[in-house]
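Trainee: I should like to test the terms used for this structure against their cut-offs. May we take them one at a time?

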Amino acid sequence: MFCVQQIPKDILLEVLGPSKVFKEVIKKIINSTVAEYVEKESLIVSKDLRVEQSFEDLETTFVEGEKFSFDVVLELKN
């Protein structure tokens, strides 16, 4: 059985460093948002996607609890 424990945010940031934590959070936000959009629009897309902004730009604009936006290019399949 797999068990996940909640790790306090302060400890996680201290142990892994803010950049690594934010990178994982940003990746999860992008993946879940794109997956939700693709499902909602009933799209068939390739697994490859391209985020237009660099990670550094995304990290700079990421503020916890605030709106976060990004541009993604998807390849539609027939």
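Trainee: Why does Lys-27 count as partly exposed?

Mentor: Lys-27 has a relative accessibility of 40%. Buried means under 20% relative accessible area, exposed means over 50%, and partly exposed is the range in between, with a 1.4 Å probe and protein chains only. The value for Lys-27 falls in between, so the residue is partly exposed. Please note that this is a predicted model, in which local features need pLDDT of at least 70 and side-chain atom pairs count only at pLDDT 80 or more, whereas totals for chains, interfaces and linings use all residues. Residues are numbered from 1 along each chain as its sequence is written, and side-chain values use heavy atoms, with hydrogens and water left out.

Trainee: What makes the contact of Glu-24 and Lys-27 a salt bridge?

Mentor: The term requires a side-chain nitrogen of Lys or Arg within 4 Å of a carboxyl oxygen of Asp or Glu. Between Glu-24 and Lys-27 the N to O distance is 3.3 Å, so the pair meets the rule. Side chains of opposite charge can pair when their charged atoms come close. Glu-24 is likewise partly exposed, at 37%.

Trainee: Where do Glu-24 and Lys-27 lie?

Mentor: Both are in helix α2, residues 18-40, and they stand 3 residues apart, about one turn of the helix. Helices are DSSP runs (H or I, at least four residues), strands are E runs of at least two, and both are numbered from the N terminus.

Trainee: How many salt bridges does the rule give?

Mentor: The count is 2. Besides the pair in α2, Glu-52 and Arg-50 form a salt bridge, with their closest N and O atoms 3.0 Å apart. Glu-52 has a relative accessible area of 45% and is therefore partly exposed. For Arg-50 the area is 49%, so this residue is partly exposed as well.

Trainee: How do you know what span is expected of α2?

Mentor: The expected span is 1.5 Å times one less than the number of residues. With 23 residues, α2 is expected to reach 33 Å, and its first and last C-alpha atoms are 32 Å apart, which is close to that value.

Trainee: Which residues of α2 are buried, and what covers them?

Mentor: Val-21, Ile-26, Ile-30, Val-34 and Val-38 are the buried ones. Their cover includes α1 (9-16), β1 (45-51), α3 (55-61) and β2 (72-76).

Trainee: What makes up the largest nonpolar core?

Mentor: A nonpolar core is a set of buried Ala, Val, Leu, Ile, Met, Phe, Trp, Tyr and Cys residues joined through side-chain atoms within 4.5 Å. The largest one holds 8 residues: Ile-26, Ile-30, Val-34, Val-38, Leu-58, Phe-62, Phe-68 and Phe-70. Helix α2 gives the most to this core, with 4 residues. Contact means heavy atoms within 4.5 Å; residues up to four places away in sequence not being counted, Phe-70 touches Ile-29, Ile-30, Thr-33, Val-34, Gln-53 and Leu-58.

Trainee: Why does Ser-46 count as buried?

Mentor: Its relative accessibility is 13%, which is below the cut-off for buried, so the term applies to Ser-46. Ser-46 belongs to strand β1. Neighbours within four places in sequence aside, Ser-46 is in contact with Glu-75 and Lys-77.

Trainee: Why is Ser-42 called exposed?

Mentor: At 62%, the relative accessible area of Ser-42 exceeds the limit for exposed, and the residue is therefore given that name. Ser-42 sits in the loop between α2 and β1. Although not a glycine, Ser-42 has a positive phi of about 55 degrees.

Trainee: Which residues make the nonpolar surface patch of about 380 Å²?

Mentor: They are Ile-7, Ile-11, Val-15 and Leu-16. Patches are built from residues with over 30% relative accessible area and no salt bridge, like charges being joined within 9 Å and nonpolar side chains (Val, Leu, Ile, Met, Phe, Trp, Tyr) within 5 Å. Val-15, in helix α1, has a relative accessible area of 64% and so clears the patch cut-off. Leu-12 is also in α1, but its 29% falls short of that cut-off, so Leu-12 does not qualify, although it is partly exposed.

Notes: Areas by Shrake-Rupley, 256 points an atom, 1.4 Å probe, with all protein chains shown as cover.
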